[in-house]
Amino acid sequence: MSSWFLFSGLLFTLSSAKMTLQRFLAAYRSFFFPSPVKPPFLHICQVMIQMQQVMKRYDGVGIAAPQIGIPLRILALEVTPKRERELGAEVYAAREMSSLPLMIFINPKMEVLDFTKVVFPESCESLRGYSALVPRYKAVRLTGLDKRGEPLELESKGWIARIIQHEMDHLDGRLYIDLMDPKSFQNDAWQKINTHQGRVKIQFYEK
Ligand SMILES: [Zn+2]
């Protein structure tokens, strides 16, 4: 009888030690090797905040939710005054660029106000390192909801209108390469490559 108690006690100790070890290993694994988060989540997604962060990180002027793997019709736009300093007043004026404070549109709808096509170089963070000439409508109106669910509207022309068309295309699975003049498609590092006779290491992400 006493040997039976000893045996079951040993089994209990071993199994609880095993459980403790498993729990410890699981905690260790999740801390050092977090598994990819999959829905349904135990938290509410902060999509728009993350879109702002990613747009800033990539120094972009617009971002669409599908670009960060979120299949929702949300886009964010922001053009800060530093663009004029970067591009120079001449290019800035020629492309009809202007600043725009951060705007987030949920379920946006676009209406073309001026069907005149304007052609300028365009690039995309989803095709990093390349650019091409892309025709876009001159002026558009964007309507939708802001992040509080209030109606939001933006009438724009020139570069802001271009950004809007670019981001709206992302929501429909289109990229600028679907609209570009294919002969103008270029690797933006070509000058650097030629200057260094091909001895250039092109980084995907430099920051
Ligand atoms: Zn893009």
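## Buried or exposed: the overall picture

A residue counts as buried when its relative accessible area is under 20%. With that in mind, let's look at this chain, which comes from a predicted model. Of its 207 residues, 29% count as buried. The surface that the chain exposes comes to about 14,300 Å², and 61% of that is supplied by carbon and sulfur atoms.

## How the chain is put together

If you like counting, there are 6 helices and 6 strands here. Walk along the sequence and you'll meet them in the pattern α-α-β-β-α-α-β-β-β-α-β-α. Now think about contacts in the chain with a separation of 6 or more: 62% of them are made by residues 24 or more positions apart.

## The zinc site

Which protein residues act as donors for the zinc ion? They are Cys124, through its SG atom, plus His166 and His170, each through NE2. These donors lie 2.0 to 2.2 Å from the ion. Written as a sequence pattern, their spacing is C-x41-H-x3-H. Cys124 sits in the loop between β3 (100–122) and β4 (130–145), while His170 belongs to helix α5 (residues 158–171), so this pair ties together parts that are 46 residues apart in sequence.

Both Cys124 and His170 are buried. For His170, the relative accessible area is 8%, which falls under the 20% cut-off and is why this residue counts as buried. Its side chain also makes a polar contact with the side chain of Gln67, at 3.4 Å. Leaving out residues up to four places away in sequence, His170 touches Ala64, Pro66, Gln67, Cys124, Ser126 and Leu175. So one of the residues His170 touches, Cys124, is also a fellow donor to the zinc ion.

## Val140, a residue in β4

Next up is Val140, which you'll find in strand β4. How buried is Val140? Its relative accessible area is 0%. Not counting residues up to four places away in sequence, the residues that Val140 touches include Met110, Glu111, Val112 and Leu113, as well as Ala161, Ile164 and Gln165.

Ser156 is also among the residues that Val140 touches. Along the sequence, Val140 and Ser156 are 16 residues apart, yet in space their C-alpha atoms are 5.6 Å apart.

## Empty space: a cavity and a pocket

Rolling a probe the size of a water molecule over the atoms shows where empty space is left. In this structure there is 1 cavity of 30 Å³ or more, and the largest cavity holds about 60 Å³ of space. Its lining is made of Arg95, Glu96, Val118, Phe120, Arg136, Tyr137, Lys138, Gly158, Trp159 and Arg162. At least two lining residues come from each of β3, β4 and α5.

The largest pocket has about 1,400 Å³ of space. Among the 45 residues lining this pocket, those closest to its centre are Ser123, Cys124, Glu125, Arg128 and Asp188. You've already met Cys124 as a donor of the zinc ion.

Which element gives the most to the lining of the largest pocket? That's α5, with 6 residues. The elements that each supply at least two residues to this lining are α2 (47–57), β1 (62–64), α3 (82–87), β3, β4 and α5. Helix α5 is also where His170, from the zinc site, is found.

Definitions and conventions
Residues are numbered from 1 along each chain as its sequence is written. This is a predicted model: local features need pLDDT of at least 70, side-chain atom pairs count only at pLDDT 80 or more; totals for chains, interfaces and linings use all residues. Side-chain values use heavy atoms; hydrogens and water are left out. Donors are N, O and S atoms within 2.8 Å of the metal (3.2 Å for Na, K and Ca); water is not among the atoms, so sites may look incomplete. Helices (H or I, at least four residues) and strands (E, at least two) are DSSP runs, numbered from the N terminus. Buried means under 20% relative accessible area, exposed over 50%, partly exposed in between (1.4 Å probe, protein chains only). A polar contact is a pair of N or O atoms within 3.5 Å; within protein, one must be able to donate a hydrogen and the other to accept it, and residues adjacent in sequence count only if both atoms are side-chain atoms. Contact means heavy atoms within 4.5 Å. Accessible areas come from the Shrake-Rupley method with a 1.4 Å probe; for residues, only the protein chains shown count as cover. On a 1 Å grid over the protein atoms alone, a cavity is a set of points where a 1.4 Å probe fits but cannot get out, and a pocket is an open set with protein on both sides within 12 Å along at least five of seven lines; lining residues have an atom within 4 Å of a point. Grid points are joined across faces, edges and corners, and a volume is the space filled by probe spheres set on the points.
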